[in-house]
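Subject: Structure handover

Hi,

Please take this structure over from me. The findings follow below it.

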Amino acid sequence: MTEKEKMISGKLYKSFGEELAKERLHAKELCFDFNNIRPSNTEEKNRIIKNLFGKIGKNFWIEASFICDYGYNIKAGDNLYINYNCVILDCAQVTLGNNVMIAPNVGIYTAGHPLDSKTRHEDLLEFAYPVTIGNNVWIGANVIILPGVSIGDNSVIGAGSVVTKNIPENVIAVGNPCKVIRKIKS
């Protein structure tokens, strides 16, 4: 298996190989271009996002600054809004459903490193697990979403939360670690 194939399949991989480094550089270049376009040049900003993301639905708005590792692992539905200073480490797939709203300073991280220091430092290995955010989800400001997490449809994640485990649908969840505080009623 190549390091990229290992990365995509959730196995430990070396992220500093030539293929992955080249792909990250490509995404960094696109993010740089996106983040340095005049705010009024919506057409060019949208063209870059369409080129960067693996899939992007209709009606999206992404504020600068936006940063990701690869871009092609981000799959987004319709009516996406991402506010300022979003970082998506998309070493594994990041799925954003329809009508997702992401507040400022949110980090979505699929990548992590082994806890064993020898493995972490000598072999420079990391892992990546997918993150899935369902339809009609609102992610509050300064939220961190860790590898392997799924957030169910219609849920709200409160500002400042660190999401370490799956969150069911139709709930409000907050805290560090993020926990469900109540169901959302119509």
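Let me start with one residue: at 24% relative accessibility, Tyr-72 counts as partly exposed. The bands are buried under 20% relative accessible area, exposed over 50%, and partly exposed in between, with a 1.4 Å probe and protein chains only.

The model is predicted, so to the ground rules: local features need pLDDT of at least 70, side-chain atom pairs count only at pLDDT 80 or more, and totals for chains, interfaces and linings use all residues. Residues are numbered from 1 along each chain as its sequence is written, and side-chain values use heavy atoms, with hydrogens and water left out.

Rings and charges

The count of aromatic pairs is three (Phe, Tyr or Trp ring centres within 6.5 Å, using the six-membered ring of Trp; planes under 30 degrees apart are stacked, over 60 edge-to-face, the rest tilted). One of them joins Tyr-70 and Tyr-72: the centres are 5.5 Å apart, the planes meet at 45°, and the pair is tilted. Tyr-70 is buried, at 2% relative accessibility. Tyr-72, as said, is partly exposed.

Two rings have a charge over them (NZ of Lys or CZ of Arg within 6 Å of the ring centre and within 35 degrees of the ring normal). Arg-24 places its charged end over Phe-16, 5.8 Å from the ring centre. Lys-45 does so over Phe-34, at 4.7 Å.

The cavity

Phe-34 and Lys-45 come up again here: both line the largest cavity. A search of the whole structure finds one cavity of 30 Å³ or more. The largest cavity has a volume of about 70 Å³. A cavity is a set of points on a 1 Å grid over the protein atoms alone, where a 1.4 Å probe fits but cannot get out; lining residues have an atom within 4 Å of a point. Points are joined across faces, edges and corners, and the volume is the space filled by probe spheres set on them.

Besides Phe-34 and Lys-45, the lining includes Thr-42, Asn-46, Ile-49, Phe-60, Trp-61 and Ile-62. Helix 3 (42-52) and strand 2 each supply at least two lining residues. Helix 3 gives the largest share, four residues. Helices here are DSSP runs of H or I with at least four residues, strands are runs of E with at least two, and both are numbered from the N terminus.

Strands

An open sheet of four strands runs in the order 4-7-12-15, with parallel pairing (at least two DSSP bridges between two strands). Strand 4 (74-76) and strand 15 (150-151) are its edges, each pairing on one side only. Strand 4 meets strand 7 (94-96) in the parallel sense, over three bridges. There, Ala-76 has Leu-96 of strand 7 as its bridge partner.

Strand 6 has parallel partners too. Three bridges join it to strand 3, and three more tie strand 6 to strand 9 (107-109). Phe-66 stands opposite Cys-86 of strand 6. Val-87 has Gly-107 of strand 9 as its bridge partner. The side chains of strand 6 alternate: Cys-86 and Ile-88 point to one face and are buried, while Val-87 and Leu-89 point to the other and are not.

Cysteines

How many disulfides are there? The count is zero (cysteine sulfur atoms within 2.5 Å). Cys-31 is in none; the nearest cysteine sulfur, on Cys-68, is 3.9 Å away. Cys-31 is buried at 5% relative accessibility. Cys-178 is in no disulfide either, with the nearest cysteine sulfur, that of Cys-86, 16 Å away. Cys-178 is also buried, at 9%.

Backbone points to check

Two peptide bonds are cis, each with omega about 0°: Ala-64 to Ser-65, and Asn-176 to Pro-177. Ser-65 lies in the loop between strand 2 (60-62) and strand 3 (66-68). Pro-177 lies in the loop between strand 18 (171-174) and strand 19 (179-183).

Two asparagines have positive phi. Asn-85 is near 65°; Asn-99 is near 60°. Asn-85 sits in the loop between strand 5 (80-82) and strand 6 (86-89), and is partly exposed at 37% relative accessibility. Asn-99 sits in the loop between strand 7 and strand 8 (101-102). Asn-99 is partly exposed as well, at 32%.

Best regards

Methods
On a 1 Å grid over the protein atoms alone, a cavity is a set of points where a 1.4 Å probe fits but cannot get out, and a pocket is an open set with protein on both sides within 12 Å along at least five of seven lines; lining residues have an atom within 4 Å of a point.
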